[in-house]
Amino acid sequence: MPSTRFVERLNTGKPIVLDGATGTNLQARGLPMGTPSDFWVLDNPAEVLRLHADFLAAGSDLILTNTFGSSRPNLAHAGLEERFEATNRQAARLARQAAQKTGALVGGSLGPLGEMLEPMGTLTAEQARQAYAEQAQLLAEEGVDVLVIETQFDLNEALAAVRGVRSVTDLPVVCSFSYDRGTRTMMGVRPAQMAAAFAEAGLAALGINCGRSLEDNLKALQELRAATALPIWFKPNAGLPHSDAGGGLAYDVLPGMMGSQAPIWLQEGAALVGGCCGTSPEHLKAIAEAVKKPA
Amino acid sequence: MDERIKNIFQCVVEGDNNGVQEHVHAALGAGMDPGKILNEGLIAAMAEVGRLFEEGEYFVPEMLISARAMKSAMAILKPHLTSEQVGSAGKVAIGTVKGDLHDIGKNLVSLMLEGAGFQVVDLGSDVAPEKFVEAAKTSGVNIVAMSALLTTTMVNMKSTITALEEAGVRGKVKVMIGGAPVTDAYARQIGADGYAPDASRAVAVARSLLG
């Protein structure tokens, strides 16, 4: 029996606080530069667990599994296909283990496959559907509460992803796009087109994540709100990074700035809010405090 | 503009693959200068595609379709061009940095550079600094272009610049970078010569670096 916790929680009408970034935070904790963050699920699970715990302590109601780049095509590209089953199962277990302590929900993260679909690329829609299906199945078997198809840019890939997830589980599904050319994705998709394409797909929420600046993400949110009645998932990134004195990466958007924006996101129609790249547990804490403050 | 050139230009801008092939054949048959077809027809059309992309009128699909039309026209035209006319704008060694397997953006930059008359040596993705150094040493290469999509891998742009310095070839090539998390400020901080926010502007940056 699939979990109904996500929908129940969403139906209370109270905003849901999501989590922050995985890659940039693990990097700050010693993930070697150039190593995809998914590798630490098997190689350094303690640190993955600690990051989950830090987001939960900061106020997350829902954390995502560290599986963004763990589709079979992505892993195969890195020569790590043999990890496919183990890393997805372990990532879901780590997130659940952390979430159990606070009763938070766990979302199974499904990222883009890294190749373009026909006719732009060589991947067929059926191959894409299968890749999302097999990853979603592992995450569903490990007990995630919701599947989150994120950072999408191409309607065809996202539609194949939703079909794939639907073919293996009855769990609720969220689909989130990255509007990194302002309010259009790199393929030119607008929030309204996305809303229309998924109007009949039975999604639990439509989303926006990553993208460019907080301002552009807010505009995308306003456009999406006008085009759909579904709950909106909103995880903007903390601006774009620059190199700090030590050669590491720093983000311009400080925790307080994200915190002061969060009430505006709710006001503009987001129901689930968090942050993408550059969003540390401190940023997330500021968001959670602003969102949960009694009105 | 000459009617034949106008047709070729229009077909590339609209991504009409069959149309551009027909018109290039016709132009060659009529004795038109192949260099003129290349510069005023194909390269000028890709510059227009770049402009439409920057203006937010064109997106990746339109750009890819136009680049394909340009490539098929080039295949017809190439035997008629002198070696100086092919890739005369410069020679670029391009790759996605070590640890990063994303090549969609890098491939778009390659296509646009080729469309602008550059010769492109594609090193692929997950390219180690040593590989970039090796390519920088090859004859004729005057630009090294690096791409990164991940915040966890963009730091390898800096490692590559350091490797170029240590190998003594930094002075031989200009370095340009790009990719979703990359900014102009980051490029300046790590000592790159240029930064482009997208594939179209990468062409302008490459030109200005060699200008």
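Student: In β6(A) of this predicted model, which residue is the bridge partner of A:F177?

Tutor: Start with the strands. Strand β5 (residues 173-177) of chain A runs parallel to strand β6 (residues 205-210) of chain A, and four bridges join them. In β6(A), the bridge partner of A:F177 is A:I208.

Student: In what order do the eight strands of the open sheet in chain A lie?

Tutor: The pairing in this open sheet is parallel. Its edge strands are β1 and β2 (62-64) of chain A, each pairing on one side only. Read across, the order is β1-β10-β7-β6-β5-β4-β3-β2.

Student: Which strands of chain A does α11(A) touch as it packs on the sheet?

Tutor: Take the direction first. That of α11(A) makes about 140 degrees with that of β10(A). The strands touched are β7 (232-236) and β10 of chain A.

Student: How many of the six residues of strand β3 (residues 105-110) of chain A are buried?

Tutor: In a regular strand the side chains alternate between the two faces of the sheet. Take one side of β3(A): A:L105, A:G107 and A:S109 are buried. On the other side, A:V106, A:G108 and A:L110 are buried too. The count for β3(A) is six of six.

Student: What is the bridge partner of A:G107 in β4(A)?

Tutor: β3(A) pairs with β2(A) in the parallel sense over three bridges, and there A:G107 is the partner of A:L64. Four bridges join β3(A) to strand β4 (residues 146-152) of chain A, also running parallel. In β4(A), the partner of A:G107 is A:V146.

Student: How many of the twelve residues of α12(A) are buried?

Tutor: Helix α12 covers residues 281-292 of chain A and reaches 16 Å from its first C-alpha to its last, close to the 16 Å expected. Among its buried residues are A:P281, A:H283 and A:L284. A:A290 and A:V291 are buried as well. The helix is mostly covered, and the number buried is nine.

Student: Which elements of chain A do the buried residues of α12(A) pack against?

Tutor: Two are strands and two are helices. The strands are β1 (16-17) and β10 (270-273). The helices are α4 (45-58) and α11 (255-267).

Student: Which are the edge strands of the open sheet in chain B?

Tutor: This sheet has five strands with parallel pairing, in the order β2-β1-β3-β4-β5. Each edge strand pairs on one side only. They are β2 (118-122) and β5 (194-195) of chain B.

Student: What angle does the direction of helix α9 (residues 199-210) of chain B make with that of β4(B)?

Tutor: This helix packs on the sheet of chain B. It touches β1, β2, β3 (143-147), β4 (174-178) and β5 of chain B. Its direction makes an angle with that of β4(B) of about 165 degrees.

Student: In β2(B), what is the bridge partner of B:K91?

Tutor: Strand β1 (residues 90-96) of chain B runs parallel to β2(B), joined by five bridges. In β2(B), the partner of B:K91 is B:Q119.

Student: Is α2(B) roughly parallel or roughly antiparallel to α4(B)?

Tutor: Helix α2 (residues 17-29) of chain B packs with helix α4 (residues 60-77) of chain B at an angle of about 25 degrees, with axes 9 Å apart. Angles under 35 degrees count as roughly parallel. So α2(B) and α4(B) are roughly parallel.

Student: Why is α4(B) oblique to α5(B)?

Tutor: α4(B) and helix α5 (residues 104-115) of chain B have axes 10 Å apart. Roughly parallel needs an angle under 35 degrees, and roughly perpendicular runs from 65 to 115. The angle that makes α4(B) oblique to α5(B) is about 45 degrees.

Student: How does helix α3 (residues 34-54) of chain B lie against α4(B), roughly parallel or roughly antiparallel?

Tutor: The two helices pack at about 170 degrees, with their axes 10 Å apart. Angles over 145 count as roughly antiparallel. So α3(B) is, relative to α4(B), roughly antiparallel.

Student: Is B:G41 buried or exposed?

Tutor: B:G41 lies in helix α3 of chain B. Its contacts include B:I5, B:I8 and B:F9. A residue with 20 or more C-beta neighbours within 10 Å counts as buried. B:G41 has 30 inside 10 Å, so B:G41 is buried.

How values were computed: Residues are numbered from 1 along each chain as its sequence is written. Chains are lettered from A and ligands numbered from 1 in the order in which they are written. This is a predicted model: local features need pLDDT of at least 70, side-chain atom pairs count only at pLDDT 80 or more; totals for chains, interfaces and linings use all residues. The expected span of a helix is 1.5 Å times one less than its number of residues. Two residues are in contact if their C-beta atoms, placed from the backbone, lie within 7 Å. Two strands pair if DSSP finds at least two bridges between them. Axes are lines fitted to C-alpha atoms, for helices over the stretch in contact, and angles run from 0 to 180 degrees between N-to-C directions. Lists of a residue's contacts leave out its neighbours within four places in sequence.
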